[in-house]
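This report sets out the backbone architecture and the ligand surroundings of one protein. The structure is shown first, and the discussion follows.

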Amino acid sequence: MRFETLAVHAGHAPDPVTGAVAPAIYPSTTFERAPDGTYPHGYLYTRHGNPNRRALENALAALEGGAAAAAFSSGSAATLAVFQALRPGDHVVAPVDAYHGTAALLRDALWGIDVTFADLAAPGGLEAALRPTTRLVWLETPSNPLLRITDIRRAVDAAHAVGARVACDNTWATPLLQRPLDLGADLVVHSTTKYLNGHGDVLGGVVIARSPDDELFAAVRRIQSSGGAVPSPFDCWLVLRGLRTLPYRMRAHCENAAVVARFLASHPAVERVHYPGLETHPGHEIAARQMAGFGGMLSIQVQGGRERALEVTARVRLFTRATSLGGVESLIEHRASIEGPGTTTPENLLRLSIGLEHPDDLVADLEQALGAG
Ligand code: PLP
């Protein structure tokens, strides 16, 4: 089935008991055993499994082209589960410009794991960081907030050559635009908080495995079940509902972002636009090859430094000053002040999540906020 059809039907069929077309929500934390002590419906306790979570996991695995999925209560919980599945002494290579929360987990939340942060978007950057003990290569492309592009196929080949596994954070691209498992990655991670849910009202995450007997994924599943960082049945229901419209939302996000990026690229108050859809973007060629669209995220560097960038955020009327991304409403944020001390993000950088408003209204808002330049 094609992506749009899967998005509507995966993980869901009309209820055989009631005929309800929209799925029911099962808040029950526990499930009845049969007289012989078995679990006839396959559920025991909601931390281990729940009908809403299973429906969501099946849908996410199907959309990403994977064999199995484990849903978590946030993208960061999903990310942490992958790292916790490693063993002491394992070496991990992660991008220098990984999502700052992911970098913080690798730096502060793990014991006995050796981490190298490398420039994975640069040719040879990964190869130079690999060691015989490298067990995992973490990819994130496009990166946050500079939208740098890593060649997934090339990174997979280099990692597999030394026996390392590859996990790709596909949050910014979504499975509609980028297919890391088809390009050889072993695991895909998402913050479902973003485009997959798409409405800015649920925190969630997922780990998806390419192979049904991936041992790293088996450990992730054990951590999910025993650690319990699982999404509530209602949150699973909401994300599943969001998935139904994912391809149509994503196409509109991409179209709007392209219009806004072109406008910003020609504005005298804008020093630089980071959007992989622009031919001037250093990762444009790779993005055009490995993505089916360039996404709804972009960053700009404003002429005049931090103060001027903050002035722009103060003047917007339609964009909302807030972090996060992937919802229907457009957001703008001064990224360095969100990332805090130690950030390498330029002080004049604003990150924009382009929503589903009419692009002309978004352009008009940015035009008045940027002023004459
Ligand atoms: N990965 C990426 C690329 C993100 O942008 C984020 C959040 O912004 C996360 C992971 C973490 O997700 P969550 O906020 O759902 O924990």
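## Sheets, ligand shell and backbone geometry

In this predicted model, V273 stands opposite I300 in strand β9. The two strands concerned are β8 and β9 (residues 297-302), which run antiparallel and are joined by 4 bridges. They belong to an open sheet of 5 strands with mixed pairing, in the order β8-β9-β12-β11-β10. At its edges are β8 (270-274) and β10 (320-321), each of which pairs on one side only. Helix α10 (residues 246-265) lies across β8, β9 and β12 (349-353), and its direction runs at about 15 degrees to β9.

A further open sheet has 7 strands, again with mixed pairing, in the order β1-β7-β6-β5-β4-β2-β3. Here β1 (68-72) and β3 (114-118) stand at the edges; each has a single partner strand, so one side of each is left without a neighbour in the sheet. From one strand to the next, the twist averages 20 degrees. At one edge, β1 runs antiparallel to β7 (residues 205-209), to which 5 bridges join it. Within this pair, A70 stands opposite V207 in β7.

Two helices that pack on the 7-stranded sheet may be described together. Helix α3 (residues 75-84) touches β1, β4 (134-140), β6 (187-191) and β7, and its direction makes about 150 degrees with that of β6. Helix α4 (residues 100-108) touches β2 (91-95), β3 and β4, and its direction makes about 145 degrees with that of β3.

The next topic is the ligand. Which residues are the closest to the ligand? They are G75, S76, D169, S191 and T193, out of 14 residues that surround the ligand. By class, the residues of this shell divide into 3 nonpolar, 8 polar and 3 charged. The numbering links the site to the sheet region: G75 and S76, listed among the closest residues, fall in the range of helix α3 (residues 75-84). S191, also listed among the closest, falls in the range of strand β6 (187-191).

Three side chains place a polar atom at the distances below from an oxygen atom of the ligand.

| Residue | Ligand atom | Distance |
|---|---|---|
| S76 | oxygen | 2.8 Å |
| S191 | oxygen | 2.8 Å |
| K194 | oxygen | 3.0 Å |

On its own the ligand has 400 Å² of accessible area, and the protein covers 92% of that area.

Some backbone features also deserve mention. Most residues other than glycine have a negative phi, and most peptide bonds are trans. Where, then, do cis peptide bonds occur in this model? One is the peptide bond from T141 to P142, with omega near -5 degrees. Another cis peptide bond joins N144 and P145, where omega is about 5 degrees. P142 lies in the loop between β4 and α6 (152-161), and P145 is found in the loop between β4 and α6 as well. Strand β4, which precedes this loop, is one of the strands touched by helix α3 and by helix α4.

A further backbone feature concerns phi. T174 has a positive phi of about 70 degrees although it is not a glycine. This residue is placed in helix α7 (residues 174-177).

Key:
Residues numbered from 1 in each chain as written. Predicted model: local features only at pLDDT ≥ 70, side-chain atom pairs only at ≥ 80, totals over all residues. Heavy atoms only, no water. Near = heavy atom within 4 Å. Polar contact = N/O pair within 3.5 Å; in protein donor to acceptor, adjacent residues only side chain to side chain. Areas by Shrake-Rupley, 256 points an atom, 1.4 Å probe, with all protein chains shown as cover. Nonpolar A, V, L, I, M, F, W, Y, C, P; charged D, E, K, R; others polar. Pairing = 2+ DSSP bridges. Axes fitted to C-alpha atoms, helices over the stretch in contact; angles between N-to-C directions. Contact = heavy atoms within 4.5 Å.
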